Amino acid sequence: MTSYSGACQCGAVAYRVSGEALTLFACHCTDCQRQSASAFGMALWLRGAELTLLRGSLASWTRDLPSGRQMACRFCPVCGSRLFHQVVGNEILSIKPGSLDDSTGLQPAGHIWTDSAQPWVRPALQGLCYPGNPDGFGELMEAWHHEDRR
């Protein structure tokens with residue numbers, strides 16, 4: 001069981017979450033670029049996550065995925081910082097690792113949607129790389145645990 005703490009940009013929301021850390025990866029799809037207002041998004045996956053809000057409350061927005069499923073996106077209602085994503089009906093909670101109090105020891109196991117990566121990012125891609133969404137995330141989970149990137 002791994003435990004993390006974090007907060008939004010303005011500090012109105014603070015949290016602690018624990019669970020089984022499965023993997024960390026960067027996503028270069030255009031949705032993640034738009035959501036992060038940057039070149040890519042990051043996802044730290046936890047299974048069996050227990051989320052405790054230490055301060056504030058979360059707002060939520062649900063978006064449709066290309067697969068036909070839906071993803072709940074939770075964020076600070078004051079500053080709008082995205083904190084968590086979760087596919088509806090899935091037990092895996094995705095934390096936005098930029099919101100963690102300490103992310104210095106985290107290294108992504110790989111990158112997905114590299115065909116959409118900004119040209120200046122491509123030379124820096126390391127680890128497993130997938131041109132789109134991988135068929136499964138088993139390799140990313142195995143690489144995360146094998147390399148002890150936590």
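Reader: Let's start with H111: in which strand does H111 lie?

Author: Happy to start there, with the reminder that this is a predicted model. The strand in question covers residues 110-112, and position 111 falls within that range. H111 therefore belongs to strand β8.

Reader: Is H111 buried or exposed?

Author: The cut-off for buried is under 20% relative accessible area. H111 has a relative accessible area of 10%, so H111 is buried.

Reader: Which residues is H111 in contact with, leaving aside neighbours within four places in sequence?

Author: One partner is A26, which lies in strand β2. H28 is another partner of H111. The list for H111 is completed by L125, Q126, L128, C129 and Y130.

Reader: What relative accessibility does A26 have, and does A26 count as buried or exposed?

Author: A residue needs to be under 20% to be called buried. A26 meets that cut-off, because its relative accessibility is 0%. The verdict for A26 is buried.

Reader: How many Å lie between A26 and A109 in space, C-alpha to C-alpha?

Author: Along the sequence, A26 and A109 are 83 residues apart. A26 is also in contact with P108, G110, H111 and I112, among others. The C-alpha to C-alpha separation of A26 and A109 is 8.4 Å.

Reader: Now to the nonpolar core: which residues have the most contacts inside the largest one?

Author: The largest nonpolar core has 31 residues. The elements giving two or more residues to this core are β2, β3, β6, β7 and α2, and β2 gives the most, with seven residues. Those with the most contacts inside the core are Y4, L44 and I95.

Reader: Which residues does L44 touch, not counting those up to four places away in sequence?

Author: L44 touches Y4 and I95, which are also named among the residues with the most contacts inside the core. Further partners of L44 are T23, L24, L93 and S94. The remaining ones are P97, L100, L106 and W144.

Reader: S94 came up there; is S94 buried or exposed?

Author: S94 lies in strand β7 and is in contact with A43, L44, W45, L83, F84 and H85, leaving aside neighbours within four places in sequence. Its relative accessibility is 8%, and the cut-off for buried is under 20%. S94 therefore counts as buried.

Reader: Turning to pockets, what volume does the largest pocket have?

Author: The largest pocket is lined by 26 residues, of which L65, M71, V87, N133 and F137 lie nearest its centre. By class, this lining divides into 16 nonpolar, six polar and four charged residues. β2, α1, β3, β6 and β7 each supply at least two residues of the lining. The volume of the largest pocket is about 720 Å³.

Reader: Which residues lie nearest the centre of the second largest pocket?

Author: About 250 Å³ of space lies in the second largest pocket, and its lining has six nonpolar, eight polar and two charged residues. α1, β3 and β6 each supply at least two residues of that lining. Of the 16 lining residues, those nearest the centre are S36, R82, K96, G98 and S99.

Reader: How many Å separate the C-alpha atoms of S60 and A72?

Author: S60 lies in strand β4 and is partly exposed, with a relative accessible area of 49%. Not counting residues up to four places away in sequence, S60 touches A72, C73, R74 and F75. S60 and A72 are twelve residues apart along the chain, and their C-alpha atoms are separated by 6.5 Å.

Reader: What is the phi of A37 near?

Author: A37 has its place in the loop between α1 and β3. At 72% relative accessibility, A37 counts as exposed. Phi is positive here in a residue other than glycine, with a value near 55°.

Reader: In which loop is the place of W113?

Author: W113 has a positive phi of about 55° although it is not a glycine. At 33% relative accessibility, W113 counts as partly exposed. Its place is in the loop between β8 and β9.

Reader: Which element has the lowest mean pLDDT and which the highest?

Author: The protein averages a pLDDT of 90, and 97% of the residues score at least 70. Where pLDDT is low, the predicted coordinates should not be read in detail. Among the elements, the lowest mean is 85, for α1, and the highest is 95, for β7.

Methods:
Residues numbered from 1 in each chain as written. Predicted model: local features only at pLDDT ≥ 70, side-chain atom pairs only at ≥ 80, totals over all residues. Heavy atoms only, no water. 1 Å grid on protein atoms, 1.4 Å probe; cavity = no way out; pocket = protein on both sides within 12 Å on 5 of 7 lines; lining within 4 Å. Points joined across faces, edges and corners; volume = space filled by probe spheres on them. Helix = DSSP H or I, 4+ residues; strand = E, 2+ residues; numbered from the N terminus. Nonpolar A, V, L, I, M, F, W, Y, C, P; charged D, E, K, R; others polar. Core = buried A, V, L, I, M, F, W, Y, C linked by side-chain atoms within 4.5 Å. Buried < 20%, exposed > 50% of the residue type's maximum accessible area, 1.4 Å probe, protein only. Contact = heavy atoms within 4.5 Å. pLDDT = per-residue confidence, 0-100.
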